[in-house]
Each structure stands twice: as structure tokens, then as C-alpha cells.
Amino acid sequence: MSRLWDRLMRLAEIGARGDGGVDRQALTPGEIEAWRLVLQWASEAGLEAATDDAGNLFLTRPGRDRSLPPAVIGSHLDTQPNGGKFDGAWGVLAALEAVADLGFTPARDISVVAWSNEEGSRFAPGMTGSEAFAGVRTLAAIRALRDADGVTLGEALDTLHAAFPHLPRLPLNREFAFCIEPHIEQATLLEEAGIPIGIVTGIQGKITWEITLEGEEGHAGTRDMALRRDAVMAFARIAARMQREVGEADPIVKFTIGMVRVVPNAPSVIAGRVVFRMDLRHPDNAALERAGARLEAIAAEEAAPCGVTITRLVHAPSNGFDEGLRARLAANATRLGLPHMALLSAAGHDARHMAPRCPTAMIFIPCRGGISHSPLEWAEPEHVEAGAAVLAETVKELCA
């Protein structure tokens, strides 16, 4: 096997689960250990390492003119709690291979990036590293996020930085020459077409919410039905109507209620509070906004007799990627004899936040059955190598 594949398998040992998956969530001891390993590989390649206040990691091949904005390539190192070996990690290590084996001093700096907390499994919502970098959310706002144990993201960031006291701290909001993110597809279009390389046209829009329903706790055996303010019953009405009027009304929309917390969650107590989170996605921004407004209206209309608080957590409109970069990626795939196709990303990625700031693109490779965020996540070694080769050729061409 190649060095890239060997390193992917070695990185997957950090946070390895018994079922073959990986649990290496953001800003945990596991991710700190992953940083140490990747920093070792970067040092062996002669790269300069640095971080920033949002916990992003940059590994840089110095260029001939260091006053020029750097090219940036990479993805993320964190996983879901039941994650796999390739999501995020392949993009970082493919970028590291491209820079380590460059073979010449580039015209400008080339930085491998590992964006912080892309997954958002420990600190939700995710992509805090790229959002803070791009100014989508303030550093203060992301530092205030808390995990299930009450630890703030700021406290976790301080622990990360304390583990690497000698790493220089780069400023946020720096200018980039271009940004390319390699990633597994997390869908089946490439696999079904038998094509190893996807040139991503853009990312569909996404809105997420947290909705809190405030009822009143009471004894299940004594409180009259007519007097109840049952938060679970309010949730059931809201969820059913949302699914009917939004989830089933448009064949393209993706609507999910992915988290529900019931308080006190006891079998003989009327629920006094329900907190749930919703995820809405659509490639058309106008349709996304219409569906989002409908969801909010349904929550407001069906909550009574409970109180309701509706909070938008993420509002990320659909975006397109740079046509020039896409053309270069396609041309290099053709030059390498690798079939390719254009496709839209249904999942969100850090590259979304770079697209308004600099020319940005993504490379996809197939993953078996489209499965991701799962121990069953798998990418074939030849596809891992093919995507890395397209990235390397494109970076060499643009930074010669």
C-alpha cells in the first residue's frame, strides 16, 4: 500500500472503535493525539506548523514570495462519535501528500489545513473553525458553545492550545489565493456511475434550528387531560405537520428532526419541556427560505398551550464553486486518465465558507454505498490515490 493509505489507517487507530469505526471528536484528547501525529509527519516533510484562535491547524510549504496570499488545501480531522476512517481525514492527508511531494519551491506558500470542529458532534453547530475564520460567527460566539458535559468550546480550545504552546498563532480572516477541499462523496452518484472523481459544482443550502417547547410537569395519573400543558404532545403535533407540509411536499427537500430531549423524561410524568433540533436542506435558496418560514410558522401555530422559542442556529445559503478551478481539476483528471463528473454536494463542508472569500473548489471520491458517519464508511485504495493525484497535479500547476 502507499504512504497515504498507510497514514490513513494509522490515523484511524486514534479513537478506534471496536466495530472498526472512529470516535475522534473535536477538541478531545483524541484529536490532540491526532494533531501530534500529523505534526510529526509535517515536520518530516519540512513544513511549518501554526494554529489560530479558532483551533484550525495549518501546515505550510514556504513559497518563493511569502508576501503572496497562500493556497490552502485540506479538510478536517474530527469525526462523529460513530464515525469512519475517511470523512475529513482523507482530505487532510491527501493535501499533506501533495505538499510533501511537491518537488520544487512553489511561487507562494501552500498550506495544508485541518479545520476545527467541522462535525459539530461535541460542540453544535459545527464548522466553528471555518466560520470563525471567515467571520460567519464571532470567536466569542463559538467559544461560548457547550458540550453535553457543560464544557465550553473556549475551555476546550484553551486545552488544545496549551498542549501545543510553541505553535505560532496566525490571525483569523487572512486572505487566501485559492482553497481546495478533497472529501469522500457521502452519497452514491460516483459509485453508481463507476467514476472515481467528482468535481463539485456547489453545496446545497442548509438551515438548522433549536426549538424549545415549555409546558408544565404533572402527575400522569391525576392531572386532567383538559388541563395539561404537555410538551411531548405539542412536539408530536408539530413534528407530524412539519413532515406532512414540508418533508413530503417537495421531492428535493431534505428535512430532519435529528435530536429530541424530553424533560424530565420519566414514564409517569407529563413532560414539562421538549427541546428539539431540525435540519432543512435544499439547493434552491428561494425554496429553502419558503420551507424554512413554513416550519417556523407550524411551530408557532401548534405549540399552544405550551410556550415556544424558535432559534435559528445555522443559515447557510446554497453556494457555487469557482468555474476556473473546477475546469482545472477536470483537465488534470483527464490528463491522468481518470473519468470524472460534475455533481452537487448534498452535505455541508468547510469549503462553503471559503467560497465567498476566494476561488474555491472540492474534489469528491466515491464511498461504498454512500455510507458515511458510520463504522461502515469505506473508500477504495485506488480512489484514495486517484483523488490525491488530481489534487497534487492541480496544486503544482497553480503554484509553479
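**Exercise 1. Backbone outliers**

In which loop is Asn 173 found? State what sets its phi apart, then locate the cis peptide bonds that precede Pro 125 and Pro 305.

*Solution.* The model is predicted, and every step below reads from it.

Step 1. Asn 173 is found in the loop between strand E5 (169–170) and strand E6 (178–184).

Step 2. Check the sign of phi. For Asn 173 phi is near 65°, a positive value in a residue other than glycine. Most residues other than glycine have a negative phi, and most peptide bonds are trans.

Step 3. Turn to omega. The peptide bond from Ala 124 to Pro 125 is cis, with omega near -5°. Pro 125 sits in the loop between E4 and helix H4 (128–134).

Step 4. Repeat for the second bond. From Ala 304 to Pro 305 the peptide bond is cis, with omega near 10°. Pro 305 belongs to the loop between helix H9 (285–302) and E13.

**Exercise 2. Packing of H8 and H9**

Classify the packing of helix H8 (residues 231–247) against H9, and list the residues in contact.

*Solution.*

Step 1. Take the geometry. The axes of H8 and H9 are 9 Å apart, and the angle is about 150°.

Step 2. Apply the cut-off. Angles over 145 degrees count as roughly antiparallel, so H8 is roughly antiparallel to H9.

Step 3. Assign the hand. H8 and H9 make a right-handed crossing.

Step 4. List the contact. H8 contributes Ala 234, Arg 237, Ile 238, Arg 241, Met 242, Glu 245 and Val 246. From H9 come Ala 291, Arg 294, Leu 295, Ile 298, Ala 299, Glu 301 and Glu 302.

Step 5. Sort by class. The contact of H8 with H9 holds eight nonpolar, no polar and six charged residues.

**Exercise 3. Packing of H1 and H12**

Do the analysis for helix H1 (residues 3–12) and helix H12 (residues 381–399).

*Solution.*

Step 1. H1 and H12 pack at about 115°, with their axes 10 Å apart.

Step 2. The range 65 to 115 counts as roughly perpendicular. H1 and H12 are therefore roughly perpendicular to each other.

Step 3. The crossing of H1 with H12 is right-handed.

Step 4. Leu 4, Trp 5 and Leu 8 of H1 touch Pro 381, Val 384, Glu 385 and Ala 388 of H12. The classes are six nonpolar, no polar and one charged.

**Exercise 4. H2, H6 and a cavity**

Describe how helix H2 (residues 29–44) meets helix H6 (residues 153–163). Then find what lines the largest cavity.

*Solution.*

Step 1. The axes of H2 and H6 come within 11 Å and cross at roughly 30°. Angles under 35 degrees count as roughly parallel, so H2 and H6 are roughly parallel to each other.

Step 2. H2 and H6 cross in a right-handed sense. Ile 32, Trp 35 and Arg 36 of H2 contact Thr 159, Leu 160 and Ala 163 of H6. That contact has four nonpolar, one polar and one charged residues.

Step 3. Search for cavities. The whole structure has one cavity of 30 Å³ or more. The largest cavity has a volume of about 40 Å³.

Step 4. Read its lining: Glu 31, Trp 35, Gly 55, Leu 77, Ala 114, Trp 115 and Ser 116. H2 and strand E4 (110–115) each supply at least two of these residues. The lining has four nonpolar, two polar and one charged residues.

**Exercise 5. Two pockets**

Give the volume of the largest pocket and of the second largest pocket. Describe each lining.

*Solution.*

Step 1. The largest pocket encloses about 1300 Å³ of space. Its lining has 45 residues, and nearest the centre lie Glu 119, Gly 120, Lys 206, Asp 279 and Arg 281.

Step 2. Assign elements. Those that each supply at least two lining residues include strand E8 (205–214), strand E12 (273–282) and helix H11 (351–354). E10 gives the most, with six residues.

Step 3. Count classes. The lining of the largest pocket has 15 nonpolar, 15 polar and 15 charged residues.

Step 4. Move on. The second largest pocket holds about 230 Å³ of space. It is lined by 14 residues, and closest to its centre are Thr 60, Arg 66, Asp 109, Leu 170 and Arg 174.

Step 5. Strand E1 (48–52) and strand E2 (57–61) give two or more residues to this lining. E1 has the largest share, three residues. The classes are seven nonpolar, two polar and five charged.

Definitions and conventions: Residues are numbered from 1 along each chain as its sequence is written. This is a predicted model: local features need pLDDT of at least 70, side-chain atom pairs count only at pLDDT 80 or more; totals for chains, interfaces and linings use all residues. Side-chain values use heavy atoms; hydrogens and water are left out. Axes are lines fitted to C-alpha atoms, for helices over the stretch in contact, and angles run from 0 to 180 degrees between N-to-C directions. Helices (H or I, at least four residues) and strands (E, at least two) are DSSP runs, numbered from the N terminus. A crossing is left-handed if the near helix is turned anticlockwise from the far one by less than a right angle, and right-handed if clockwise. Contact means heavy atoms within 4.5 Å. Ala, Val, Leu, Ile, Met, Phe, Trp, Tyr, Cys and Pro count as nonpolar, Asp, Glu, Lys and Arg as charged, and the others, Gly among them, as polar. On a 1 Å grid over the protein atoms alone, a cavity is a set of points where a 1.4 Å probe fits but cannot get out, and a pocket is an open set with protein on both sides within 12 Å along at least five of seven lines; lining residues have an atom within 4 Å of a point. Grid points are joined across faces, edges and corners, and a volume is the space filled by probe spheres set on the points.
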